[in-house]
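Colleague: Please choose one part of this model and take me through it closely. I'd like the cut-offs spelled out along the way.

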Amino acid sequence: MHAPVNQCRKQLVENCLSLDTELLLQRRIIVPGVRTSGTLYWTSAGERIASVDYESEMIHPAASWLRLRFPTTDPDTGQSRYVDQFVPLTSTDPGFGEIRYWFVDDGRRVRLLYLPPGGDQFRSRHVHGLAYASQRLTRRERDARRRARI
């Protein structure tokens, strides 16, 4: 017997809160050589939908991190609780005088971390088992998209 189709589907990255190392650098939330702290906000249609308190330290490249603190609801009890999450940061030098910064998650360097609805940790797409909406397009929809790009 098969499970209903909607139970087999992966959650979508488009429905998650996300953290992007490049965007965090641009907004000076993570700054090489500096310790920072503050609050990140996510908005939708001009309204705040979520916030996360953060601290980051990038003084020592080998020991850089981002700390996230935010409320979530325990799926078992329905009670609100606070999450305190440390995310290691690392960097690579791809050449051309530029340094790239990454989150380290499950031993992998990743640029993006996601918090799915009901989740309690920002983790990589791979760890959460997330999919992109474009992966759910039918063949006809993919063909129409391709034609529209031409």
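**Glu55 and its surroundings**

Modeller: Let's start with Glu55, which counts as buried because its relative accessibility is 13% (buried is under 20% relative accessible area, exposed over 50% and partly exposed in between, with a 1.4 Å probe and protein chains only). This is a predicted model, where local features need pLDDT of at least 70 and side-chain atom pairs pLDDT 80 or more, while totals for chains, interfaces and linings use all residues. Numbering runs from 1 along each chain as its sequence is written, and side-chain values use heavy atoms, without hydrogens or water.

Glu55 sits in strand β3 (helices are DSSP runs of H or I with at least four residues, strands are E runs of at least two, numbered from the N terminus). Setting aside neighbours within four places in sequence, Glu55 is in contact with Arg35, Thr36, Ser37, Trp65, Leu66, Arg67 and Arg69 (contact means heavy atoms within 4.5 Å). Gly119 is 64 residues away from Glu55 in sequence, and their C-alpha atoms are 20 Å apart.

Strand β3 covers residues 47-57 and pairs with β2 in the antiparallel sense over 10 bridges (pairing needs at least two DSSP bridges). Within this pair, Thr36 stands opposite Ser56 of β3. The wider arrangement is an open sheet of six strands in the order β2-β3-β4-β5-β6-β7, with antiparallel pairing. β2 (35-44) and β7 (108-110) are the edge strands; each has a single partner, so one side of each has no neighbour in the sheet.

Following the sheet past β4, the loop between β4 and β5 (80-95) holds Asp74. Asp74 is buried too, because its relative accessible area is 19%. Beyond its neighbours within four places in sequence, Asp74 is in contact with Gln79 and Arg81.

Strand β3 also matters for the largest pocket, whose volume is about 240 Å³. A pocket here is an open set of points on a 1 Å grid over the protein atoms alone, where a 1.4 Å probe fits with protein on both sides within 12 Å along at least five of seven lines; lining residues have an atom within 4 Å of a point. Volume is the space filled by probe spheres on points joined across faces, edges and corners.

The largest pocket is lined by 16 residues, and those closest to its centre are Leu17, Ile49, Ala50, Ser51 and Leu115. The elements giving two or more residues to this lining are β2, β3 and β4 (64-73), and β3 has the largest share with four residues. By class, the lining has 11 nonpolar, five polar and no charged residues (Ala, Val, Leu, Ile, Met, Phe, Trp, Tyr, Cys and Pro are nonpolar, Asp, Glu, Lys and Arg charged, the others, Gly among them, polar).

Strand β2 turns up again at the second largest pocket, which has a volume of about 180 Å³. Its lining consists of Ser18, Leu19, Asp20, Leu23, Leu24, Arg27, Ile29, Leu40, Tyr41, Trp42 and Leu112. Two or more of these residues come from each of β1 (17-20), α2 (21-26) and β2. This lining has eight nonpolar, one polar and two charged residues.

Stepping back, the chain has four helices and eight strands, in the sequence pattern α-β-α-β-β-β-β-β-β-β-α-α. Its C-alpha atoms fill a box of roughly 50 × 50 × 35 Å along the principal axes. Of its 150 residues, 31% count as buried. Among contacts with a separation of 6 or more, 38% join residues 24 or more positions apart.
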